[in-house]
Amino acid sequence: MNQLLPLPVLMPLLAAGVKITLGPRHPGLQRVISVTVLAAVLSVAVVLLVRADRFGPQTVQVGAWPAPLGVTLVADRLSAVMLTVSAAVTLCVMVYAIGQDVADADRRTPLSVFHPTYLLLVAGVADAFLAGDLFNLFVGFEIMLMASYVLITLGGTAARVRAGTTYIMVALLSSMLFLIAIGVIYAAAGTVNMAQLAERFQALPSGITLLAELMLLTAFGIKAAVFPLSMWLPDSYPTAPAPVTAVFAGLLTKIGIYGFIRAETLLFPGHATRPLLLAAALLSMVVGVLGALVQVDIKRLLSFTLVSHIGYMIFGVALGSAAALAATVFYVLHHITIQTTLFLVAGLIERRGGSTSLHRLGGLARTAPLIGLLFFVPAMNLGGVPPLSGFLGKLGLLQAGLADGGAFADVLVVTAVGTSLLTLYALVKVWNQAFWRVPAEMPGTSAEAEDEGAAPPSVRLPAAMVGATVALLALSLAYTAAGGPLVSLTERAAAELLSPAGYIQAVRPQEPGGPS
Amino acid sequence: MSGTVVLAAAGGALVAAGVALVLERSLSRLVVGMLVLGNGVNLLILTGGGPAGRAPILHGVPPGADRRPMNDPVPQAMILTAIVIALGTAAFALAIAYRSGRLGDSDDDDVRDDIEDRRVTRGRHELRTQVRARRREFREWSREQRGQIRGARRELRAGIRAERERRAVDDPGDLDDGDDESGSDR
Amino acid sequence: MLLLFAVHCAAAAVAPLLVRGLGRNAFLPLALVPAAAAVWALPPWLDGAAPRAESHAWIPGLHLELALRADPLAWMMVLIVGGVGALIVAYCARYFEAAERGLGGFAGQLLAFAAAMLGLVLADDLILLYVFWELTTVFSYLLIGFDSARAAARRAATQAIIVTTFGGLAMLVGLIMLGRAAGTYRLSEILARPPGGTAVGVALALILIGALSKSALVPFGLWLPAAMAAPTPVSAYLHAAAMVKAGVYLVARFAPAFAGAAVWRPVVLVLGALTMVLAGWRALREHDLKLLLAYGTVSQLGFMVVLVGAGTRDAALAGVTVLLAHALFKAALFMVVGIIDHATGTRDLRRLSGLGRAAPVLCGTSIVAAASMAGVPATLGFAGKEAAYEAFIGGRPVLLGVLVLGSAFTAAYSLRFLWGAFARKHGADELSAYRIEALLLAPPVVLALAGVALGLLAAPLDAPLSREAAAYPADGHGGYHLSAWHGFGEALLLTAVSLLVGAGLFFAGRVVVRLQRRIVFVEPADVYAGLMRSLNHLALQVTGAVQRGSLPGYLVVILLTAAGLTGSAILLGRPWPTPAPWRLWDGPAQAMVAVLTVAAAVAAARAHGRAQTVVLAGASGYGVATLFVLQGAPDLALTQLLMETASLVVFVLVLRRLPVGFPRTRPKSRYRLHVAIGLLIGLLATGATLLAAQARRAVPIAAGFPGAAEKAGGSNIVATVLVDIRAWDTLGESSVIALAALGVTSMVFARRRASVPPRAADAASGTAVWAVAGMTSVDAAFRGEPSPRGRDWLAAGPTLAAERRSIVFEVVARLTFHTVLLFSLYLLFTAHSAPGGGFVGGIVAGLALVVRYLAGGPFELAEAAPVDVGRLLGVGLIITAGTAFCGPLWGSAILESGGWDPHVPLLGHVHLATSLLFDAGVYLIVIGLMLDVLSALGAEVDRQAGTEEAG
């Protein structure tokens, strides 16, 4: 039954191959393939989650080669649950993209670019989550990054190329740093299999493991946009098309966080870098939210809140206790869904209001009440208003922070609360200016024009786009409704993370006998 | 087991050159820098693989050619993958360079700054100049005030001294002369 | 209880539909829902039933459970929220015009607020309390911002949500700390066994911040007056009867158990009294009736907090009574102001004149309600004040004095309200008689009369009210009993004094105004504005400094952070091993080649020309290839060599469109900084690798690979590892290559073009590809007629501009093309035992295509590879992914290679393995990339250049 593990990577790969062969001539067929494949990936992910939850980490040695030689794929509760949510999110965003007809840029190029690249992005994400091997994690990163380079510069407009260049060069540098880290780790431990690394790191001098840990965390930090390494994100994300930004915001940074969690629990269990991570979390939260307060464009504002909320997750990882990790996992799931929903809504606003800049938007609450509702609920969720999932995540983190009792942790708790307030303030400002404010010169929507009841020609939003956004919103509300079982799942995941023996035993790396 | 210093040094030097190139503005230098950086990193991974040795090929090698133990194949596999990925990213980065060359106003392919950030930085600059201007005004104003106060105090002291002298001259009995010159209307 | 809450939520959900159906009359049926809550709460409150509790598990992990508990205090609050709520919802039926925009949403939000308020007073779990607490804040934000066109309403709504959420979040931290200290999050259990200690003290302070910000007491009271921008029903319900009472309710809940805490009394008593006096004083200056009432509310809230927070039974009894009375008369007065605003269109008391005679019933109601506010005998307000004085007569004289002064101000602004609203004023035009709809007038009348009726029936009310105060510790002399008339005692004297002083203050209006102007207080509104301005300045400073927007800037920061972390790890960790023998080099050749490679790279870094830089970088790449050979990695060397060549080709294709030199000379200082950072990173990377290599003790996994390769049936270990043992990485790699091809295509092809490049045959005759502008070629005459086919070395020879064709190049291209292709196939098949493989073979085939393209131009390329790039890439990906799938077909693991040994007549014994098929897939993909790069960056760029020059 473990043959299911490689499927989330293989199916999109095969589908991408088929789509490239088809070329841009059959858009209808392309869409059908995309949706069916992503639905299949989602169902496999759910099955994996159920099995991982019941029977512990699921492993498969690709090509039947024993552990340290071949590549091992591992799905424990953490990777399974993140894979499931990512699959759900990518499916919804694909439906949204089909509705928005992002692929229309394809008709201008001889190759169909959007659909296959999107599927390869999903394959890369799945590979990164399932990789039990550090170098394979690097390859997973590379697939995902390469796909994101293509997606961010889709259509080749001047703004996208400029922003894309920044994104690509920073990502290439992070890959290089990751490669140097792998070189150092292999030089020190002689293996790249993560389970075996966990064992061999115990034997190495603490100086070397600290060195390896910091190099890895730098590479993951760039990907996750932790403060000193996060300035590239708000410049590059907003220029891409809405569904692309939604997938990036939802997934790419969370892969970095997944790397953080894996490094801090499996490879380097000792809390050597705790003060450093706490400081990074504090700075990410504060600088991110202050950045958000100054922005005029909705997408840029959301990018800054993204950076700020990464700080929450790093805070959870830094605390390291079981409760903190459980809260972190919950917060990651919440943030994947909410950030993607908000960017999709930003896409709707852009399509309906003509722009996402707050100066030019106005009166949307009247002209598009549905978008108003679709924006208000996730915005309040991100702002931490109970009983939505944002509040539950923050509640878990605050409880863990206070339970930790350290002075620095208390400072972090206060910062977390302050950041949540400022996030709410930023989002309320958006609600005021884009939805409530009725600019005088808005044709057809100004107060006196209302009386004639001449509703402005409402641009009909494609059903697929609205449908996808509503589906994601329902998912985020489900976190609240099914709070109990979900929190207990994250607690079990945290417990599993804090005892790496289970993971190592599942992979069973054999020490290579015979002479070196 | 220890790494070869020369190999590591060469790798480090290439990384240094690569980084120096990557920090440039021109996009084609950036891409070249990335390639050189990639080569440097590959050399570093190779040093992790241990000393130079026989090619990792089992049979079909003429006997007696090379007695040294085989070089470690794992870093070689990793480096091979990294080289191929570097080729892919280089090709795409060059396509970007071409695109930005064609789109850009001038022909150079420099990396331009983000407009929104410039707006925020300009806003900050204006704010700082305002704050500095206001502070300067305040300082001048307070200097003036101090000047006036000192002037007033000097007058007052002069007035009191004059008063004391006058009173010392007149006899105390003469009360009703108009003491207008030290009028207290100030 | 949960059912009641569910009914409220259902009503809120249904409200918008009802309003769309019935218009504003929909408010009448909706009013039944809060009324139901009141009816549910009345009997148990009156006859003192035992507290009822129910709880359902929600999120045990976060100590969050749906625990609801109703006790006398909760019942009274439900009574207020439900009763006053029902009347106000009915009042809305007539207050809004029929076609009011957004009425459906408003009704929904109002009902939802009622639900949240209900939840808040019934919640028994600390976190659940906070959930409803924040929900009331969000709904108040929406309700205040109802007519969102007005900027004032938006600003007020924002200010309300920010200040109350600030208080709420502080309270949340306090609640968690309290819950952790007490070991349980159940409110009733905590109050039964209150924990002690400093942590609890801090928690209580934080909780008090939350309560005081919700009830708009002095330091946090700046949002309530501004919130008067809301429609009147909202002001009446939220800012008089319900939401602001939440803070008082919380203080009442915590007082019995924690009144003794060190932090409790100073905060509650001082701030409460201060609020009562300051707000009362401020109310005297207001010209807008609604603002006058708003400051009145703030003052009354301070009064209630003092009473309920004092911690004695008698004071609590008084507090609860005032709370009930205040809900009645203040809601009535707000509704009266609503009617006045509705009728006359203004709320400014200087312009209202003669309304008393114009609307006698309204005037009567206001007098009754204002009487209860001022504490005139025979009203519930009076009974409450009496109890308050009685409670503090023995204990705290100073506090008593302040309360009397506060009551005096209350009396003064009550009179000012009555005079302002109804008296005849010279200078203002007389208002004609005005008929007010019955349904609009009914709610305030009912509330005012209830105020008086309950005042007279104070004695029977004493039983339920004192049950609420039962939890408080009784202080000294026997329990005080509420009654309408206590005869002449000290309390009555104090009431008389306060009324007289109040009247005096009112009549000496002008003195008060001049006095007001001299004692200028800080305006709450601009405290908030100042805070927000400084916040924005801070945000601007930080973001401006951090977010520069320049890529080199970001890269420098990233590299410095990486260097800082690695450097500190090395310095702190001191991973210096025992002095192991450093192996300087593996041979002199290696050192020489290394020096050459580094020299080439450094020269590339310093080069000024674009082509110079590329070529030097290529040279360093070849140096690295040589190092690989010396290190004993032939596969690696071959791949590196071909990869450098391929990237050089791609560079040349792009460089020809870019200017030769770099336009701007690099500023010296920045360049030196970049070099310094480069050296630092290089040094740290080298050091880290060497130190790591020193520290290795364990046997590297490489030991297992010879055996594995043997088992896999291949002798070239590296190639076997790539296509069999770690084939999963290669699968990923090949998809990266496919993506690169897609990327190049999406970047270069801005416009629609046929997927298969145009063949030589359909090239328009006479178009000379790569014609050098202005160059008169010698055999211009020949270009005219195409030579008969078959006589040219290259199929698309004639399409090339005469001056570009070189006979030697064409001959070489023709001869080598097919042999090189054969060689690339050989490389593909020998991978198992000699250096080779899919990647190497693919690039070799690609280079063959390059040669033909360079020799014969874009149409020649089409002749050489008349295949659609997409098909190549797609088939390649399908093969690689497909071979992975076919593993399980033979019942083995995914990507496991199966062997097959046919005996092919010509070739003899052949060992075919699925890994070969996998490698063939990779081969196709790499060729796809090379072809795509050539057709995109080569042919397409020529075409676009052609059209540009022509255009």
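Buried area is the accessible area that two parts lose on being put together, summed over both. The views below come from a predicted model.

**View 1. Chain C against chain A in the predicted model.** The two chains bury about 10600 Å² between them, and carbon and sulfur atoms give 78% of that area. On the side of chain C, the residues that lose the most area to chain A are I701(C), W728(C) and L739(C), together 7% of what that side buries. Contact joins 121 residues of chain C to 127 residues of chain A.

**View 2. The salt bridge between R726(C) and D133(A).** The closest N and O atoms of this pair are 2.7 Å apart. Between chain C and chain A the count is one salt bridge. Polar contacts across this interface number 11 residue pairs.

**View 3. Helix α31 of chain C at the interface with chain A.** This helix spans residues 727-748 and, with 15 residues, gives the most to the side of chain C that touches chain A. That side as a whole consists of 80 nonpolar, 25 polar and 16 charged residues.

**View 4. The largest cavity and its lining.** The space in this cavity is about 210 Å³. Its lining is made of 20 residues, and those nearest the centre are M176(A), A82(B), I85(B), A86(B) and T89(B). Two or more lining residues come from each of α5 (134-152) and α6 (158-189) of chain A, and α2 (27-48) and α3 (73-103) of chain B. The largest share, seven residues, belongs to α3(B). By type, the lining has 14 nonpolar residues, five polar and one charged.

Definitions and conventions: Residues are numbered from 1 along each chain as its sequence is written. Chains are lettered from A and ligands numbered from 1 in the order in which they are written. This is a predicted model: local features need pLDDT of at least 70, side-chain atom pairs count only at pLDDT 80 or more; totals for chains, interfaces and linings use all residues. Side-chain values use heavy atoms; hydrogens and water are left out. Contact means heavy atoms within 4.5 Å. Buried area is the accessible area (1.4 Å probe) that two parts lose on being put together, summed over both. A salt bridge is a side-chain nitrogen of Lys or Arg within 4 Å of a carboxyl oxygen of Asp or Glu. A polar contact is a pair of N or O atoms within 3.5 Å; within protein, one must be able to donate a hydrogen and the other to accept it, and residues adjacent in sequence count only if both atoms are side-chain atoms. Helices (H or I, at least four residues) and strands (E, at least two) are DSSP runs, numbered from the N terminus. Ala, Val, Leu, Ile, Met, Phe, Trp, Tyr, Cys and Pro count as nonpolar, Asp, Glu, Lys and Arg as charged, and the others, Gly among them, as polar. On a 1 Å grid over the protein atoms alone, a cavity is a set of points where a 1.4 Å probe fits but cannot get out, and a pocket is an open set with protein on both sides within 12 Å along at least five of seven lines; lining residues have an atom within 4 Å of a point. Grid points are joined across faces, edges and corners, and a volume is the space filled by probe spheres set on the points.
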